[in-house]
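Good morning, and thank you for the time on today's agenda. I would ask you to bring the sequence and the structure up on your screens before I begin.

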Amino acid sequence: MRLTKYGHACVRLEDGDRVLVIDPGTLSEMESLSDATAVLITHEHDDHIDIDKLKAVRDSNPALTVHTHTALAATLGDGVTAVASGDTFTAAGFTVRAVGGEHAEIIDGLPGCPNIGFIVDGLYHPGDSLFVPAEAVDTLLVPASGPWLKLGEAIEFVRTVSPARAFPIHDAHFNDVGLDTFDWWLDLKGGTDYARIPLGESVDLQ
């Protein structure tokens, strides 16, 4: 399975002609959706879903499947499949399990919206949450920055999930100094094989 990092929280998974994209938002590139066969969306914030971009791709490719939580699926209309925490389903030929359910709190219970994490053949994309799933995770996509997150929490998240490897996502808020600082700490204290995938580049997962 090949993993490609796009802007912010968007990643693309490929295995042969199977192409699955997670969280193609307004901070990610349109090319991430090229020839996609399925899309997973963790929640409704625009850095995780670009509705206009998604509509254009669905109009040009009606066979594209989209999976997201129930409330967002209802607003996106026909052809979008609602999933709930605990569901296991197939998207683009990949086995996917939905986990979690709530967006991480910023303050005073806000934003208070649903957030579904996805485990795809051992790779975990948590969206905007630090939910720790019960099952083992081979590859963790760890959020690096956001108004709901601090560095120590990201490190504890990686330690608790205890993946074989971790790559950062949700990093558009950082300049180069912030990226370097996050990477230095995660490499030092994360307790796993940690590396950053440069924007638009790929790694092959065994």
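I shall speak about one sheet and then about the helices that link some of its strands.

Please bear in mind throughout that this is a predicted model.

Let me start with the sheet. It is an open sheet of 7 strands with mixed pairing, and the order across it is β6-β5-β4-β3-β2-β1-β14. Which strands stand at the edges? They are β6, residues 80-83, and β14, residues 202-204. Each has a single partner strand, so one side of each is left without a neighbour in the sheet. On average, neighbouring strands here are turned by 20° against each other, direction ignored.

As a general reminder, strands of a sheet pair through backbone hydrogen bonds, in either a parallel or an antiparallel sense. Both senses appear in this sheet, as its pairing is mixed. The antiparallel case is illustrated by β1, residues 2-5, and β2, residues 11-15, which are joined over 4 bridges. Within that pair, L3 has L13 of β2 as its bridge partner.

For the parallel case, consider β5. Strands β4 and β5 run parallel and are joined by 4 bridges, with V39 standing opposite V66 in β5. The chain passes from β4 through α1 to β5, and this β-α-β crossover is right-handed. Strands β5 and β6 likewise run parallel with 4 bridges between them, and H69 has V83 in β6 as its bridge partner. Together with α2, these two strands make a right-handed β-α-β unit. Is β5 enclosed or open to the outside? Of its 5 residues, 4 are buried, so β5 is largely enclosed by the rest of the structure.

I turn now to helix α1, which covers residues 51-60. Which of its residues are buried? They are K53, L54, V57 and R58. Viewed down the axis of α1, these buried residues fall within an arc of 130°, so they line one face of the helix. The general background is that an α-helix has 3.6 residues a turn, so residues three or four places apart point the same way. The other side of α1 carries the exposed residues D52, K55, D59 and S60.

What does the buried face pack against? The buried residues of α1 pack against β4 (38-41), β5 (65-69), α2 (70-76) and β6. Finally, the N-terminal end of α1 is capped by D50, with a side-chain oxygen 3.2 Å from the backbone nitrogen of D52.

Terms used
Residues are numbered from 1 along each chain as its sequence is written. This is a predicted model: local features need pLDDT of at least 70, side-chain atom pairs count only at pLDDT 80 or more; totals for chains, interfaces and linings use all residues. Side-chain values use heavy atoms; hydrogens and water are left out. Two strands pair if DSSP finds at least two bridges between them. Axes are lines fitted to C-alpha atoms, for helices over the stretch in contact, and angles run from 0 to 180 degrees between N-to-C directions. Buried means under 20% relative accessible area, exposed over 50%, partly exposed in between (1.4 Å probe, protein chains only). The arc is that of the directions from the helix axis to the C-beta atoms. Contact means heavy atoms within 4.5 Å. A polar contact is a pair of N or O atoms within 3.5 Å; within protein, one must be able to donate a hydrogen and the other to accept it, and residues adjacent in sequence count only if both atoms are side-chain atoms. A crossover is right-handed if, with the strands pointing away from the viewer, the path from the first strand over the helix to the second runs clockwise.
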